[in-house]
Amino acid sequence: MAFAVGQPNVILIFADDLGPGMLGCYGQSIVKTPHIDRLAEEGMKFNNYYGGVYCAPSRWTLLTGMHDGRIGGWANNRGGLPILRDSGEISEEEFQKRFTEHKAKSHPIAPDEVFLAQVAQRAGYKTAQFGKLDRGFLTWHERVKRFGWDFYEGYYDHTRCHGFYPPYIWRNGHKIELEGNFLPDCGKTSEAGNEPVGYGGKTYSQNVFIEDILKYIRKHKDEPFFLYHPTQLPHGPVAIPELHPDFADDPHLSLAEKKYASMVKMLDDHVGLIMEELKNQGLDRNTIVFFASDNGHELYYGPKSEYAKQILPSGEKANLTDKKWRTSECGDVFNGAGGRAGLKRSGYQGGMQCPLIVRWPGQIKPGTETDLLSAHYDFMATLAELVGGEIPQGKDSISYLPTLLGEPQEKTHDYVIVNNRKTTMGSSALISREGFKLVEADKKRGLFQLYNILTDNEERHDLADQYPEKVSQLKTILERELDSGRPDLAGGEQ
């Protein structure tokens, strides 16, 4: 596909646990997100876009170009080992022994596996990652490099990411100590989030990342780059150096809600800084910027415990039919899931439907929207077409670049698969091209529900009894795809 400009720079900003309802362009009213909203005003907003339901599988599907029902999609390893060493619970010798065992047991990478950044590398791009490194949960230098990153900076251990004041981060295999941070758990706060503002240390991790992202853009302004920023924001427990003025004195918000809102504002501000730097360096028109989130909304404030217990404000138990748990009805002041049923880990839309906004001046028509059925794993094919690279054989990924450019989208998904081994509110799901969504509502009982998400995105009207043949058809496909082989690998499995 030919473009009016040369190979564009590509930036992917990947928020953490941010539901669509937290963004102004998707309906948020309390927390203003002008910089992210401007991406939508000047680009395209996706309304039928899916990630995973949980952090590690969602990142796996993004980085592999495969749906997370494939073998390996949920084969994440365990985090937390460095915290045991840093706190003195185990010795350095014991740490090295356990870490060697960890590496041996971690999900192996097939020799012919091609990851997202490698697609850009092979097309002559410089690649860089800042933030939560790898796909989860505990990685190391050689593994991050195997994923295709020329430059990286961030956390090896996703468990350490639950704090925002790490004593150190990693940059290209080197430990970088951060001033004024001493807590082994990186300043992780309680679930209540009532610690004093600024608790945890002196140097906030996200401020380090944004400063170095801007430096990277300046340094590489004369060569094509693919920059991936899997940020911690606004994953909790809540922590922020200072409350944003919009919320500091709001009597209607709790301290935890003020902190969370301030974290979303910081994310929006950092998007603004990236866009400003692109303009300052003359890269604005030749850079395509993607903004997405890994999975559905998660609560780190308000009715978090009520969701875990599936309790409605009335005190009665929620169900999976006419009384589903929703942020719009159950005490979430921000309505982070935007009326959708469920949250992160849920098989309903609140667990898996994600924001996606794409801006590319002169190429994407401003202020456009699309209902194209698409998912995280489509980013690989889209990136390949953008950078002039090859889409690896056997991937589930389908490029949505034609839709971005206002051209006919000739190749589309028959269905999108979202695997889910959690059972808080439903488990796995299949979304079809015509708008039907099959939800495995109760895994133990083999109960499936059917919704038309094009007319009923809040999943209030189960159509299973009305369309039993459709349920049977989609159930056959879903069960076939879960734990299915890897057509992108020579052995078919990993």
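**Exercise 1.** Are Tyr-260 and Tyr-301 buried or exposed? Then classify the geometry of their ring pair and place both residues in the chain.

*Solution.* The model is predicted.
- Step 1: Tyr-260 is buried, and Tyr-301 is buried as well.
- Step 2: The ring centres of Tyr-260 and Tyr-301 lie 4.8 Å apart, with the planes at 40°, so this pair is tilted.
- Step 3: Tyr-260 belongs to helix α8 (residues 255-280), while Tyr-301 sits in the loop between β9 (287-293) and α9 (304-309). The two residues are 41 apart in sequence, and their pair links distant parts of the chain.

**Exercise 2.** Find how many aromatic pairs the structure holds, then work out how the pair of Trp-149 and Tyr-228 is arranged.

*Solution.*
- Step 1: There are 28 aromatic pairs in the structure.
- Step 2: For Trp-149 and Tyr-228, the centre-to-centre distance is 5.6 Å and the angle between the planes is 20°. Planes under 30 degrees apart count as stacked, and this pair is stacked.
- Step 3: Trp-149 lies in the loop between α6 and β5 (151-155), whereas Tyr-228 is in strand β8 (residues 225-230), so the pair ties together parts that are 79 residues apart in sequence.
- Step 4: Both Trp-149 and Tyr-228 are buried.
- Step 5: Trp-149 and Tyr-228 also belong to a cluster linked by ring pairs, together with Phe-14, Phe-226, Phe-290 and Phe-379.

**Exercise 3.** Decide why Arg-143 counts as buried, and list what Arg-143 touches.

*Solution.*
- Step 1: Arg-143 is located in helix α6 (residues 141-146).
- Step 2: The relative accessibility of Arg-143 is 11%. Buried means under 20%, so Arg-143 counts as buried.
- Step 3: Leaving out residues up to four places away in sequence, Arg-143 touches Ser-106, His-107, Ile-109 and Asp-134.

**Exercise 4.** Describe how helix α11 is covered and what follows just after this helix.

*Solution.*
- Step 1: Helix α11 spans residues 379-387 and is mostly covered, with 8 of its 9 residues buried.
- Step 2: The buried residues include Phe-379, Met-380, Leu-383 and Val-387. Phe-379 is also a member of the ring cluster from Exercise 2.
- Step 3: Gly-388, just after α11, takes a positive phi of about 75°.

**Exercise 5.** Which rings have Lys-175 and Lys-422 over their faces?

*Solution.*
- Step 1: Lys-175 is placed over the face of Tyr-168, at 4.3 Å from the ring centre.
- Step 2: Lys-422 is placed over the face of Tyr-54, at 4.5 Å from the ring centre.

Methods: Residues are numbered from 1 along each chain as its sequence is written. This is a predicted model: local features need pLDDT of at least 70, side-chain atom pairs count only at pLDDT 80 or more; totals for chains, interfaces and linings use all residues. Side-chain values use heavy atoms; hydrogens and water are left out. Helices (H or I, at least four residues) and strands (E, at least two) are DSSP runs, numbered from the N terminus. Buried means under 20% relative accessible area, exposed over 50%, partly exposed in between (1.4 Å probe, protein chains only). Contact means heavy atoms within 4.5 Å. Rings of Phe, Tyr and Trp (its six-membered ring) pair if their centres lie within 6.5 Å; planes under 30 degrees apart count as stacked, over 60 as edge-to-face and the rest as tilted. A charge sits over a ring if NZ of Lys or CZ of Arg is within 6 Å of the ring centre and within 35 degrees of the ring normal.
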